[in-house]
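Me: Could you walk me through this chain? I have a few questions about how its parts fit together.

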Amino acid sequence: MRKHPQLVEMLPEAILRHGPRRFMDYLAQEKSFDAEHHTETCSLVQKTVYPKGLRNLEHGSGYQAAFTDVIVNSLDKVMHHNKSLQKQSSRLRFVDIGSGKGKALIIAHSYPFETIVGIEYNQDLCGIACRNLSITKCSRAELFCKDVFEYDGFGDDTVYFAFNPFDKQLTEKIAKTVGCYGNVYFIYNNPSYKEVFGGWQLVDRAVGYCPNREVDIYYRQASP
């Protein structure tokens, strides 16, 4: 501990704020990911320090990395479900909506996705994500530094990941936007507005002791 005086100083405040279980989860899921990959994904970024003038800033959230095993388990479940389909898609794409520092993109790189896309409107986070992707040699990942509603690459055979990046208004809008296509999965981590996915098939629901461990996985079948 003598080598990490800042960690020693922050322990009491962090444990009081989050509780010992949540803090230990943070160390295991976020700190260990960065230690293993030599990246920087775990530090929070409050929305108050985001660049002013971003489109839809008032509807968005600040940055926090999703838990590693939540992303992995969700992708495993999607792959299992896709494999079980009679007409499975062998050319799935992965799109992270609000990709932040690129953690989900790095994890997705170990799965057989045809393409991997991150959409993030904060240029500072995109810069960090670029460095993280370079360090981890994620050559198939592509970043779009723009508002998600300026992205024109939505389509069929896609797995979307979202760690509760929007308020209800924009969550409903993105569900309608991507729901126009077929063979589409939506991994919704910390699903605060699950009611907007009323027309989708619920593939799996994971519950946990805190919202960051809750995940809904929805599926939209292709039209006949």
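Me: Glad to have it on screen. How much of the chain's exposed area do carbon and sulfur atoms supply?

Reply: Happy to help, and keep in mind that this is a predicted model. The chain exposes about 11,700 Å². Of that area, the share from carbon and sulfur atoms is 52%.

Me: In what order do the strands of the open sheet lie?

Reply: The chain has six helices and seven strands. Seven strands form an open sheet with mixed pairing. Strand 3 (141-144) and strand 6 (201-206) are the edge strands, each pairing on one side only. The order across the sheet is 3-2-1-4-5-7-6.

Me: Which residue of strand 7 stands opposite Tyr188?

Reply: Strand 5 (residues 184-189) pairs with strand 7 (residues 215-220) over six bridges, in the antiparallel sense. In strand 7, the residue opposite Tyr188 is Asp216.

Me: What angle does the direction of helix 3 make with that of strand 5?

Reply: Helix 3 (residues 68-84) packs on the sheet. Its contacts there include strand 1 (93-97) and strand 4 (158-163), and it also touches strand 5, strand 6 and strand 7. The angle between helix 3 and strand 5 is about 155 degrees.

Me: Is Asn122 buried or exposed?

Reply: Asn122 is in the loop between strand 2 (116-119) and helix 5 (123-135). Leaving out residues up to four places away in sequence, Asn122 touches Tyr50, Pro51 and Cys145. A polar atom of the Asn122 side chain also lies 2.9 Å from the backbone nitrogen of Asp124. The relative accessible area of Asn122 is 2%, so Asn122 counts as buried.

Methods. Residues numbered from 1 in each chain as written. Predicted model: local features only at pLDDT ≥ 70, side-chain atom pairs only at ≥ 80, totals over all residues. Heavy atoms only, no water. Helix = DSSP H or I, 4+ residues; strand = E, 2+ residues; numbered from the N terminus. Areas by Shrake-Rupley, 256 points an atom, 1.4 Å probe, with all protein chains shown as cover. Buried < 20%, exposed > 50% of the residue type's maximum accessible area, 1.4 Å probe, protein only. Polar contact = N/O pair within 3.5 Å; in protein donor to acceptor, adjacent residues only side chain to side chain. Contact = heavy atoms within 4.5 Å. Pairing = 2+ DSSP bridges. Axes fitted to C-alpha atoms, helices over the stretch in contact; angles between N-to-C directions.
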